[in-house]
Amino acid sequence: MYCTRAVSDAVTWVGGNDRRLSLFENLFPIPRGVTYNSYLILDEKTALIDTVDASISRQFLENIMHTLAGRHLDYLVVNHMEPDHCANIEELLLRFPELKVVGNAKTFTLMRQFYDFDLEGRIITVVENDTLSLGAHTLRFVFTPMVHWPEVMMTYEEHEHILFSADAFGSFGALNGHLFDDEIDFECGWMADTRRYYGNIVGKYGPQVQAALNKLSGVEIRMVCPLHGPVWRSGLDRLLDKYRHWSTYTPEERSVAVFYGSMYGDTENAVNILTSRLAEAGVKNIAVYDVSSTHVSTMIAEVFRCSHLVLAAPTYNNGVYPAMLNLLHDMKALNLQNRTVALMENGSWAPSCARQMRALLEEMKSMEILEPVVTLKSALKDDSLAQLDALRDALIASLMTE
């Protein structure tokens, strides 16, 4: 049975939800599932904007056939060739023999890499700012390469001022009957997943996101329809503000995120004392994560949120504690920058991981490392407590400096 929602009089959401998938890209935990969005425009001509993952093909096809109500599908616009959005292209080509697939040159290169179906005579290759008239509605194609694949483009509908934004402005999480951002409590229910989605999926490509935002800055946009998560029609300014922060690696908040590894609880004890004293001094919204039991994608999201980071870990096999090393590698891979970092190390006989963490941080851009570095010898003692208090004072002074 079909399950659709009207985006406008002419545009219908024909996507669906997957609450069974546990790992997005077989990597990122999605305990709330994920939505795959697709949009069907009915005018003199009909156009479908992207398809969906194979996991929801049956629902998707029922949605399309119901919405078309016997009409032919004229165009399929492929904004993004990642398999969770293009798995149903061949099925649509078989069902609609006159269907034309619209994409750019890189779109069709990737399509031929993934699939073997015959495209002869079935494609329309567009370039930047080409338009496609459906009747009252006109589609304009805006190229946004590396947000977050090289072929990505967005489709702007000029009559209703709707931006079909591919993976940009998306979020983890399945839709619970709602579709629009003003039908949900975004801050409480969706912000964390939207930030985690951006940081881990798109976060490496801040300059490319900035280029896309600049390209769209003069365009009237009344609604943003991404490929994952809610459709934006009321909170666009809030969404764009978040993207401006994230894409320039500007912290959302002047606060502290603490990431620690602790084998027997002594490093954790030092972290608890530090965060308690920071809170007593008035620092708000402190976040604390055990790197051994927290998925790295959650920690990356907090790195995008907070201005100040504390990395605390034991020396392990003369190196950095492995789970902390994994976080640092992800931070570098995602182009993290513009943060202030405090370091704490532990070692019973040869503490050395702070030096090695510093070296990794120095490979990133604009990462200020606070002094002092706190060194524990097995457990916190009076001498290292004095270091901890000095670090607390340094963090507070830095947080108060704009």
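**Helix H9, salt bridges and aromatic pairs**

Good morning. I shall begin with helix H9, whose buried residues are Thr 267, Ala 270, Val 271, Leu 274, Thr 275 and Leu 278. Seen down the helix axis, these residues fall within an arc of 130°, so they line one face of H9. I should state at once that this is a predicted model.

H9 covers residues 266-280, which makes 15 residues. From its first C-alpha to its last the helix reaches 21 Å, close to the 21 Å expected at 1.5 Å a residue. What do the buried residues of H9 pack against? Their partners are five strands and a helix by name: strand S17 (253-260), strand S18 (287-290), strand S19 (306-316), strand S21 (337-346), strand S23 (374-376) and helix H13 (382-399). Just after H9, Gly 282 takes a positive phi of about 105°.

Let me turn to charged side chains. Side chains of opposite charge can pair when their charged atoms come close. How many salt bridges does a search of the whole structure find? The search gives 18, and I shall discuss some of them.

One salt bridge joins the side chains of Glu 158 and Arg 140, at 2.5 Å from N to O. Glu 158 lies in the loop between strand S14 (153-157) and strand S15 (162-164), and Arg 140 in strand S13 (residues 138-143), so this pair ties together parts that are 18 residues apart in sequence. Glu 158 counts as partly exposed, at 28% relative accessibility; Arg 140, at 27%, also counts as partly exposed.

Another salt bridge is formed by the side chains of Arg 233 and Asp 182, at 2.9 Å from N to O. This pair links distant parts of the chain, 51 residues apart: Arg 233 is in the loop between strand S16 (223-225) and helix H8 (236-247), and Asp 182 is in the loop between S15 and helix H5 (186-189). Arg 233 is partly exposed, with a relative accessible area of 36%, and Asp 182 is partly exposed at 39%. Arg 233 also lies over the face of Phe 180, at 3.7 Å from the ring centre.

Within helix H13, Arg 392 and Asp 389 are three residues apart, separated by about one helical turn. They form a salt bridge, with the closest N and O atoms 3.8 Å apart. Both belong to a network of salt bridges that links Arg 277, Asp 389, Arg 392 and Asp 393.

I come now to the aromatic rings. The count comes to 17 aromatic pairs. Phe 172 and Tyr 197 form an edge-to-face pair, with 5.2 Å centre to centre and 80° between the planes. Phe 172 is in the loop between S15 and H5, Tyr 197 is in helix H6 (residues 191-202), and the two are 25 residues apart. Are Phe 172 and Tyr 197 buried or exposed? Both are buried.

Phe 259 and Tyr 289, by contrast, are stacked, at 5.9 Å centre to centre and 20° between the planes. Phe 259 lies in strand S17 and Tyr 289 in strand S18, so the pair ties together parts that are 30 residues apart in sequence. Phe 259 and Tyr 289 are buried. S17 and S18 are also among the strands against which the buried residues of H9 pack.

Ring pairs further link Phe 169, Tyr 198, Tyr 243, Trp 246, Tyr 249 and Phe 304 into a cluster. Finally, the charged end of Arg 32 sits over the ring of Trp 190, 4.4 Å from its centre. Thank you.

Note on methods: Residues numbered from 1 in each chain as written. Predicted model: local features only at pLDDT ≥ 70, side-chain atom pairs only at ≥ 80, totals over all residues. Heavy atoms only, no water. Helix = DSSP H or I, 4+ residues; strand = E, 2+ residues; numbered from the N terminus. Expected span 1.5 Å × (residues − 1). Buried < 20%, exposed > 50% of the residue type's maximum accessible area, 1.4 Å probe, protein only. Arc of directions from axis to C-beta. Contact = heavy atoms within 4.5 Å. Salt bridge = Lys/Arg side-chain N within 4 Å of Asp/Glu carboxyl O. Phe/Tyr/Trp six-rings, centres within 6.5 Å; stacked < 30°, edge-to-face > 60°. Lys NZ or Arg CZ within 6 Å of the ring centre and 35° of its normal.
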